[in-house]
Amino acid sequence: MGSVYRARQASVAQLVALKVLRPDLINNDHIRQRFHREAEIIARLRHPNTIRLIDFCTTDDGLAVMVMELLEGQPLSERLKTQGPLTLIESLQVGAEVARSLSEAHLKGLVHRDLKPANIFLNDVGGQRVSKVLDFGIARLMDEEATRLTVTDQVFGTPRYMSPEQGMSTASVDARSDIYSLGLILYECAVGQPPFVAQTSYQYLSAHSAQTPPKLREALPGAPEALEALIDACLAKHPDDRPQTAQEVADHLEAIRRALEMGGPAPVPLRRTTRPDLGSEDTKSGTTEGTTRTLPTTPPVWWRQTSLWVAILLLAVIIGVGAALSLEEATKPGVVVGVDAGGPDGEEGQGALALGPQKQADPDRGLAPDEGEPDAGVTPDSGRKKARRPRRRRRRPPPPPP
């Protein structure tokens with residue numbers, strides 16, 4: 001919806017880039033609002049791997065103009081087309097820089113929604129190459145539902161680099177959609193072509209939704225296993241199974257790059273898990289610098305509820321069996337169950353059950369067995385006082401009258 005020109009800022013003799021809205025779109029209010037919003041979005045971002053906005057203005061005749069820093073170099077798409085794939089080190093560097101740019105945007109509630117090699121510029125600065133993320137024209141402000149310019153069920157973007165959920169509705173995607181697009185770009189940088197190759201937009205959207213992406217090391221045998229696992233995680237069909245932040249992706253890419261450059265141990269590859277509700281292997285993973293952590297896929301609700309009831313039933317059975325065995329022991333003839341009364345010097349008992357023989361009561365006297373003997377329910381131990389049962393007095397009948 002615009003054209004970009006090299007220009008000179010006369011006041012400071014600085015070369016800049018002018019992005020100008022096409023003259024035939026000046027009277028389109030919707031396009032003008034989107035163009036103006038792109039300028040507002042770029043103005044919020046300060047990361048060195050994001051294009052920098054210098055100014056925005058509208059001329060007297062209605063021409064909308066964005067003044068941005070001038071970049072020297074070429075888009076990533078042109079570099080891949082003319083020279084083929086990047087080296088592994090270059091791919092890791094580009095991926096990490098793009099991920100850091102996305103991380104700042106996501107933290108500010110922005111989703112790019114059109115991340116692709118054409119919107120990544122390889123800028124030459126002092127003999128070094130720095131990646132810059134461009135074109136936030138269809139970015140979504142996740143906290144501005146009332147002023148959303150993308151209608152529900154309306155699809156914007158480039159089908160070759162769309163996430164499965166973006167192919168259904170651009171308005172409903174979040175930051176994890178950009179992570180999917182970044183996974184496609186990482187694969188293309190290393191191999192030279194995207195993981196899915198199709199002829200039509202419909203075929204691309206269908207591939208993103210249903211086809212399993214090829215393995216990186218099948219096309220590039222020398223690639224690190226950790227990089228293959230990271231790309232697989234980014235390309236998971238379900239957003240919950242992808243790395244949840246762009247910073248996690250950047251940290252893991254940096255760890256792989258350092259391992260390749262310094263010959264150190266490679267990061268632990270991300271483990272893949274299976275989502276029962278999808279029936280396919282997807283990975284939900286996260287990383288911190290120099291380490292790798294695996295976040296297990298959350299079991300579905302029905303499985304958690306079933307497991308809870310099975311555990312409760314098993315516990316009830318164990319308690320019931322234990323109670324039955326205790327009752328059986330307690331009712332055996334000649335055996336009485338008592339409680340440990342404690343040790344010497346006032347030590348508290350451990351609450352353990354003790355079993356001992358019990359003498360039969362004298363039916364004629366009606367007294368407890370052997371008055372004065374220790375209670376048969378207390379286990380005699382050396383050095384431990386024996387609990388005594390209280391004496392029972394037999395009430396004698398009154399003498400007969402004379």
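Here are some worked exercises on the structure above.

This is a predicted model, so local features need pLDDT of at least 70 and side-chain atom pairs count only at pLDDT 80 or more, while totals for chains, interfaces and linings use all residues. Residues are numbered from 1 along each chain as its sequence is written, and side-chain values use heavy atoms, with hydrogens and water left out.

**Exercise 1. Get an overview of the chain.**

Task: work out how many helices and strands the chain has, and what share of its residues is buried.

Solution.
- Start with secondary structure: the chain has nine helices and 15 strands. Helices (H or I, at least four residues) and strands (E, at least two) are DSSP runs, numbered from the N terminus.
- Next, burial: 40% of the 402 residues count as buried. Buried means under 20% relative accessible area, exposed means over 50%, and partly exposed is in between (1.4 Å probe, protein chains only).
- Then the surface: the accessible area of the chain is about 22,700 Å², and carbon and sulfur atoms account for 55% of that. These areas come from the Shrake-Rupley method with a 1.4 Å probe; for residues, only the protein chains shown count as cover.
- Last, contacts (heavy atoms within 4.5 Å). Among those between residues at least 6 apart in sequence, 59% join residues at least 24 apart.

**Exercise 2. Map the nonpolar core.**

Task: find which residues of the largest nonpolar core touch the most other members, and which element gives the most to this core.

Solution.
- Know the rule: a nonpolar core is a set of buried Ala, Val, Leu, Ile, Met, Phe, Trp, Tyr and Cys residues joined through side-chain atoms within 4.5 Å.
- Pick out the hubs: the largest core has 57 residues, and L76, V98, L115, L182, V249 and L253 touch the most other members.
- Look at who contributes: elements giving two or more residues to this core include α1 (29–44), α3 (88–107), α4 (175–191) and α8 (246–262). The top contributor is α4, with nine residues.
- Zoom in on one hub: leaving out residues up to four places away in sequence, L76 touches L86, V94, P117, I120, L122, I185 and C189.
- Don't miss the other one: a second, separate core has five residues, among them V16, V20, V65 and V67.
- For background, nonpolar side chains tend to be buried together in soluble globular proteins.

**Exercise 3. Check the cysteines.**

Task: say how many disulfides there are, then decide whether C189 is buried or exposed.

Solution.
- Apply the cut-off: a disulfide is a pair of cysteine sulfur atoms within 2.5 Å. The count comes to zero disulfides.
- Now C189: its relative accessibility is 1%, so C189 counts as buried.
- Compare C57: at a relative accessible area of 35%, C57 is partly exposed.

**Exercise 4. Trace the salt bridges.**

Task: find how many salt bridges the whole structure holds, and which parts of the chain the R100 and E254 pair links.

Solution.
- Set the rule: a salt bridge is a side-chain nitrogen of Lys or Arg within 4 Å of a carboxyl oxygen of Asp or Glu. The search finds 17 of them.
- Take R100 and E254: their closest N and O atoms are 3.0 Å apart. The pair links distant parts of the chain, with R100 in helix α3 and E254 in helix α8, 154 residues apart.
- Check their burial: R100 is partly exposed at 25%, whereas E254 is buried at 14%.
- Widen the view: R100, E254, R257 and E261 are linked in a network of salt bridges.
- Try another pair: E165 and R242 form a salt bridge with closest N and O atoms 2.8 Å apart. E165 sits in the loop between β9 (140–141) and α4 and R242 in the loop between α7 and α8, so this bridge ties together parts 77 residues apart in sequence. Both E165 and R242 are buried.

**Exercise 5. Find a nonpolar patch on the surface.**

Task: name which residues make the nonpolar surface patch of about 380 Å², and say where L313 is.

Solution.
- Set the rule: patch residues have over 30% relative accessible area and no salt bridge; like charges are joined within 9 Å, nonpolar side chains (Val, Leu, Ile, Met, Phe, Trp, Tyr) within 5 Å.
- Name the members: L313, V317, V321 and L325 make the patch.
- Place one of them: L313 is in helix α9 (residues 301–330), and L313 is exposed at 58% relative accessible area.
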